[in-house]
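Thanks for making time this morning. I would like to walk through one structure with you, going from charged pairs to the interior and then out to the surface.

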Amino acid sequence: MRRRAGRTAPGGRGIPLTVGTALVALGIVYGDLLTSPVYTLPAVLAGQGGLAAVTPDFVIGVLSLVFWTLMLIATVKYVVIALRADNKGEGGILALYVLVRRHWKWLIVPAMIGAAAFLADGVFTPAVSITSAMEGLRTIPALGWLDAHTVMLMSLVVIVLLFLLQHNGTTSIGRLFGPVMLVWCLFIAGAGLPHALRHPELFLGALNPWNGLSFLLSTQNHAGFAILGSVFLCVTGAEALYSDIGHAGIRPIHATYPIVMVCLMVCYTGESAWILDHAGDTSFPAGGNVSPFFQMMPERLRGFAVLFAVIAGIIASQALITGAFTMVKEATSVNWMPHLKVLYPSVTKGQLYIPAVNWTLCALTLAAVLTFKDSHHMEGAYGLSLSVAMVTTSIQLSAYILHVWPGLRDWQRRLGAVGMLVGFGALDAAFMVSCLMKFFNGGWFSIMVCVAVLAVMIAWAEGTRVERKARRRVRIADFEDELIRLSDDGDIPLTAGNLVFLTPDMTTDRIDGDIPRSIFAGNPKRAFAYWVVTVLISDHPYGEEWSAQPYAGGRLIRVRIRLGYKEPQRVRPMLRAIMRELLHTGELPPQRNAYPGWNGETADIASTRYVFIKKSLVPESDIKDLERFAIRLKYAIRSVAGNPLAWYGLAFDRPIVEIMPLRTKEYPEPKIRRVRFRGQTIPGRG
């Protein structure tokens with residue numbers, strides 16, 4: 001057995017705390033949290049009926065709800081607890097799932113739902129962040145001629161440009177994200193500070209959680225329980241904070257979060273003070289164009305504030321779009337999604353671009369803006385998708401605390417798991433229910449996106465399970481002699497010097513029976529060496545290693561390549577490196593390429609061709625109806641998702657594609673009675 005270990009990456013735990021890494025954390029992690037003051041309180045006001053219905057108890061109660069929502073969910077649940085539940089420095093729903101899946105098998109359900117909800121978040125973050133920022137233009141008196149339709153069109157243009165630039169990557173402009181978000185953080189605090197200083201009683205009142213609870217249950221709360229769905233928008237970036245720890249680092253996040261929290265609360269307190277100063281003002285239409293964030297500023301600064309808010313919204317959207325790319329790639333690694341073409345626009349670790357995902361998100365984002373017209377009508381859909389994701393994270397965190405968290409005693413594990421599930425799970429569920437109350441005001445769109453993504457995941461996972469159940473393995477030793485005879489048979493034309501079969505099988509001495517059937521049946525495929533290659537995805541985010549076992553005197557090589565779930569699956573260059581090392585060790589018989597130089601080939605390695613075996617349903621397939629439906633849906637998705645040859649970058653290697661029937665058992669030869677034609681005599685029957 002030959003084995004070579006590849007490089008590893010330290011991940012979020014290995015990123016040190018420096019000024020540079022702190023700026024990176026500000027630029028990557030906090031985009032959503034730091035843009036939430038633009039749209040959170042306008043959503044609350046709209047549900048209350050506008051400024052005309054505002055009372056001092058309303059202002060203090062809402063500010064208290066915002067403060068304690070940030071403290072309990074963003075601070076305690078995510079910054080204090082979730083950041084410690086990392087997978088080798090990587091966070092997020094799927095990174096957490098791979099840590100706990102062996103303990104509770106049913107966790108695949110909340111993990112899938114959470115991943116689907118996170119991808120729906122990638123649709124609404126650009127829509128809400130950019131549109132709400134653009135709507136600030138309508139608070140400028142000189143631009144009073146702008147109507148909602150014009151603002152919507154301007155938002156659509158910015159969104160399209162955002163997605164058009166994704167293929168370039170974010171390495172170059174990403175260096176600017178940190179300083180820009182630092183200035184934005186200080187800007188929102190500076191904008192709210194003068195108003196907050198005039199009403200210090202607001203923040204003092206917000207520290208008392210009873211003020212928030214009593215207002216929630218009081219008759220002055222015109223929105224009722226649904227107000228929590230609007231307040232929830234203040235923590236829309238908490239899930240992204242957890243997902244991005246691999247890029248930003250745990251220590252930089254811990255160091256910068258207090259600054260972000262202080263600036264957010266100063267801004268929210270300033271907005272609340274402005275609302276209090278304008279309580280009962282009937283000059284604003286009820287639930288209409290009220291934006292405390294922009295209107296608390298002097299008119300001469302509003303144009304700059306709108307431009308700055310649009311830039312901050314773009315940065316927040318960029319983080320979610322990049323997170324969606326990573327989420328889809330990780331879902332592919334656990335067989336929940338089809339393989340898609342992945343591009344790496346820069347050398348930065350984790351920097352990837354998936355065209356199909358990019359343009360799907362773009363189309364859905366544009367559809368959301370065109371459907372709901374303004375940010376207020378999109379907020380119900382936005383909060384619902386995030387609340388679903390947070391509920392599923394709480395479920396998985398409870399499993400992590402109970403089974404994985406190091407250094408805890410048994411009673412501490414049980415107590416912590418119950419506290420997470422009952423405490424934070426109930427809190428997240430309360431927000432989710434309040435968001436569901438806005439189902440007909442936009443939440444239906446979010447559910448539609450989640451269900452569509454979830455259907456793809458379930459169909460792909462179930463279809464893959466059925467395919468694996470139908471697989472029949474054979475021992476390599478049973479056909480070694482035939483393989484040597486075929487390889488040495490000069491009467492049969494050479495198909496390729498090296499014939500490579502990719503298979504998901506993990507066993508070493510047994511392989512899928514379709515492979516020898518492909519080699520020997522019909523027109524036998526002659527080659528100097530046959531390669532059976534399995535690409536395995538580990539539970540660790542980074543790392544590359546391989547192992548190889550020769551059979552039949554080096555005529556068949558069983559290869560396993562193990563990659564971290566964030567590593568690119570570049571099979572072709574990896575396999576050529578393996579061939580060269582096995583030639584050097586003598587485990588692979590010498591080869592010769594008479595015509596090197598074409599397609600990167602060299603004289604010491606013969607030509608290489610890849611064989612892809614695709615399963616297909618046939619009339620003989622004994623598959624249950626639900627399984628048959630899942631398989632058909634998987635094959636339909638695969639036909640739309642792209643050519644499998646492009647997944648591994650092998651489309652230009654003259655691949656051979658073969659279709660094999662999908663069935664879970666072999667049928668015996670039927671006994672059919674022979675009958676004679678008129679006047680025919682059947683031998684042996686007279």
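Let me begin with Glu658 and Lys525, whose side chains meet in a salt bridge with N and O 2.5 Å apart, and I should say at once that we are looking at a predicted model. Glu658 belongs to strand 9, residues 656–662, while Lys525 sits in the loop between helix 22 and strand 5, so this pair ties together parts of the chain that are 133 residues apart in sequence. Both Glu658 and Lys525 are buried.

How many salt bridges does the structure hold? There are eight, and I will take two others that lie within helices.

In helix 22, which covers residues 514–520, Asp514 and Arg517 are three residues apart, or about one turn of the helix, and their side chains form a salt bridge at 2.4 Å, N to O. The two partners do not share a burial class, because Asp514, at 5% relative accessibility, falls under the 20% limit for buried, whereas Arg517 is partly exposed at 41%.

The other pair is Glu462 with Arg465, a salt bridge in which the closest N and O atoms are 2.5 Å apart. These two residues are also three apart, here in helix 20, residues 443–470, and so are separated by about one helical turn. The general point behind this spacing is that an α-helix has 3.6 residues a turn, so residues three or four places apart point the same way. As for accessibility, Glu462 is partly exposed at 25%, and Arg465 is likewise partly exposed, with a relative accessible area of 37%.

Turning to the interior, I would ask you to look at helix 3, residues 40–48, where seven of the nine residues are buried, so that the helix is largely enclosed by the rest of the structure. Among the buried residues are Thr40, Pro42, Val44 and Gln48. Just after helix 3, Gly49 takes a positive phi of about 110°.

Gln48 also leads us to Asn221, since Asn221 touches Gln48 as well as Phe215, Leu216 and Ile227, leaving out residues up to four places away in sequence. Asn221 is located in the loop between helix 10, residues 209–217, and helix 11, residues 227–231. Is Asn221 buried or exposed? With 6% relative accessibility, Asn221 counts as buried, and a polar atom of its side chain lies 3.3 Å from the backbone nitrogen of Ala223.

Now to the nonpolar interior itself. The largest nonpolar core has 158 residues, and within that core Tyr30, Leu70 and Trp184 touch the most other members. If we set aside neighbours within four places in sequence, the contacts of Leu70 include Leu33, Cys234, Val235, Tyr257, Met261 and Tyr268. There is also a second, separate core, made of 20 residues, which includes Ala548, Ile605, Tyr610 and Phe612.

Finally, to the surface. Which residues make the nonpolar surface patch of about 480 Å²? They are Val157, Leu161, Leu164, Leu165 and Trp359, and the largest share of the patch, three residues, comes from helix 7, residues 148–164. Leu164, which is found in helix 7, has a relative accessible area of 40% and is therefore classed as partly exposed.

Conventions. Residues are numbered from 1 along each chain as its sequence is written. This is a predicted model: local features need pLDDT of at least 70, side-chain atom pairs count only at pLDDT 80 or more; totals for chains, interfaces and linings use all residues. Side-chain values use heavy atoms; hydrogens and water are left out. Patches are made of residues with over 30% relative accessible area and no salt bridge: like charges are joined within 9 Å, nonpolar side chains (Val, Leu, Ile, Met, Phe, Trp, Tyr) within 5 Å. Accessible areas come from the Shrake-Rupley method with a 1.4 Å probe; for residues, only the protein chains shown count as cover. A salt bridge is a side-chain nitrogen of Lys or Arg within 4 Å of a carboxyl oxygen of Asp or Glu. Helices (H or I, at least four residues) and strands (E, at least two) are DSSP runs, numbered from the N terminus. Buried means under 20% relative accessible area, exposed over 50%, partly exposed in between (1.4 Å probe, protein chains only). A nonpolar core is a set of buried Ala, Val, Leu, Ile, Met, Phe, Trp, Tyr and Cys residues joined through side-chain atoms within 4.5 Å. Contact means heavy atoms within 4.5 Å. A polar contact is a pair of N or O atoms within 3.5 Å; within protein, one must be able to donate a hydrogen and the other to accept it, and residues adjacent in sequence count only if both atoms are side-chain atoms.
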